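This report describes the surroundings of a bound ligand and a pocket in one protein model. The ligand site is treated first, and the pocket follows.

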Amino acid sequence: MPTYRYWTRSAAPLPAWPEPDTFELREAPVPEPAEGQALTRTIYVSLDPYQWGYKKRGVEPPGAPCHARTVAQVVESRMEGLAPGDLVFNTNGWAEMGLMGEGVPRPGYMIPRRLDPAQGRISQAVGVLGMLGLTAYAGMVLQCEPKPGDTAVVSAASGGVGQIAGQLARLKGCRVVGIAGKPEKCRFVTEELGFDACVSHLSPTFADDLRAACPAGVDVYFENVGGAVFDAVLPLFNPGARMTICGLIATYGDPDGDAARAALMARGEAIFTARQVSVRGLFVGDYVTDHHDEFLAQMGPWVASGQVKYREDIRQGLETLPAAFAEMLSGGNFGKMLVQVSEDPTL
Ligand code: NDP
């Protein structure tokens, strides 16, 4: 009987951040697709910070493959409109194979779809031409409404979401300041992505460096990180500034995510009120139904023409998933983190 491999959460207690014994590699018989389902072979697994939150909140059933968005190829289909060889976006997770279609559990807003390789590299369907691009578009363009001449600051600026959010602000005529870690990431953000400045949160003079990079204050802040990064941005807000809380990755090791968010809001409250800063939370799932098509119609040509650049960090092999995930959560990725687990037929 043919089998496939997948990673699941081990029985070890969940630490603050992933450790080598947090995950376990297992093998299972390849499932048969039922009527309305297709069997797919995973090509790319998307690694995203929210996946750690899923584990912390116990969203995944014990023994199930770790959740992830994936790009895959149809092997066998009993689903209308899908044939063997078709390329798809789906949610196989950290697994070599998976079913999609009727009755296959998935987050409601992660809607499987057939991919057209003519629209861009298929790996981008889990990045700039997928949920991450939509996240950046919803937070930066729809929520923060950047105007020409605004100063827009983006944290985790070289990462999957941050690099897109900053380039969208640039296209809207803003002066864009990134915040990133290592010097090579900061160089990439200014030299490759065209941000006006980038400061390192690893510098002992980070808060002063950020103030110097924003001489006219901050009108728009796209928050990916929280913690000390937020504390450095807070005093720089101009009256009427807009902030979107896309994510708070610095706090994802905390047992209580809601408390971490409440603590950040409490630290900001006096300045938010005095300067009438509008602060909005962001959940990309809220934007899929009404904005995905409009987003793709704009982003597709921007990426194809090079107006929006997009860096991926693609690791190789199913075995590398746990280490790549831990690295991504601690800044070891340089661009959107993916793991390729089988051949990409479009390359
Ligand atoms: P990234 O590719 O940006 O990877 C994470 C990066 O965060 C690291 O590379 C590191 O960059 C930075 N980082 C990690 N820890 C810290 C820290 N303690 N202080 C400062 N920086 C840190 O991830 P994504 O682009 O996938 O995700 C970015 C954010 O977007 C996350 O918070 C995620 O949860 C959120 N998100 C939210 C969605 C929504 O619906 N609201 C949807 C999708 C993503 P560096 O080395 O530069 O410090």
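## Position of the ligand

In this predicted model, the ligand lies between two domains, because domain 1 (3–125 + 311–340) and domain 2 (131–285) both give residues to the shell around it.

Of the 27 residues around the ligand, those that come nearest are Lys185, His201, Tyr252, Leu282 and Asn333. By residue class, the shell around the ligand divides into 16 nonpolar, 9 polar and 2 charged residues.

## Polar contacts and burial

Oxygen atoms of the ligand take part in short polar distances to both side chains and backbone. An N or O atom in the side chain of Lys185 is 2.6 Å from an oxygen atom of the ligand. For Tyr252, a polar side-chain atom lies 2.7 Å from a ligand oxygen atom. At Val284 the backbone is involved: one of its N or O atoms lies 2.8 Å from an oxygen atom of the ligand.

The ligand taken alone exposes 920 Å², and the protein buries 90% of that area. Helices α2 (131–143), α3 (160–171) and α9 (321–329) are the elements that give two or more residues to the shell around the ligand.

## The second largest pocket

The second largest pocket has a volume of about 620 Å³. It is lined by 27 residues, of which Pro65, Thr91, Asn92, Val104 and Pro105 are the closest to its centre.

Strand β6 (residues 97–101) supplies the largest share of this lining, with 5 residues. The lining of the second largest pocket comprises 18 nonpolar, 7 polar and 2 charged residues.

How values were computed: Residues are numbered from 1 along each chain as its sequence is written. This is a predicted model: local features need pLDDT of at least 70, side-chain atom pairs count only at pLDDT 80 or more; totals for chains, interfaces and linings use all residues. Side-chain values use heavy atoms; hydrogens and water are left out. On a 1 Å grid over the protein atoms alone, a cavity is a set of points where a 1.4 Å probe fits but cannot get out, and a pocket is an open set with protein on both sides within 12 Å along at least five of seven lines; lining residues have an atom within 4 Å of a point. Grid points are joined across faces, edges and corners, and a volume is the space filled by probe spheres set on the points. Helices (H or I, at least four residues) and strands (E, at least two) are DSSP runs, numbered from the N terminus. Ala, Val, Leu, Ile, Met, Phe, Trp, Tyr, Cys and Pro count as nonpolar, Asp, Glu, Lys and Arg as charged, and the others, Gly among them, as polar. A residue is near a molecule or strand if one of its heavy atoms lies within 4 Å of it. A polar contact is a pair of N or O atoms within 3.5 Å; within protein, one must be able to donate a hydrogen and the other to accept it, and residues adjacent in sequence count only if both atoms are side-chain atoms. Accessible areas come from the Shrake-Rupley method with a 1.4 Å probe; for residues, only the protein chains shown count as cover. Domain bounds come from an automatic or database domain assignment.
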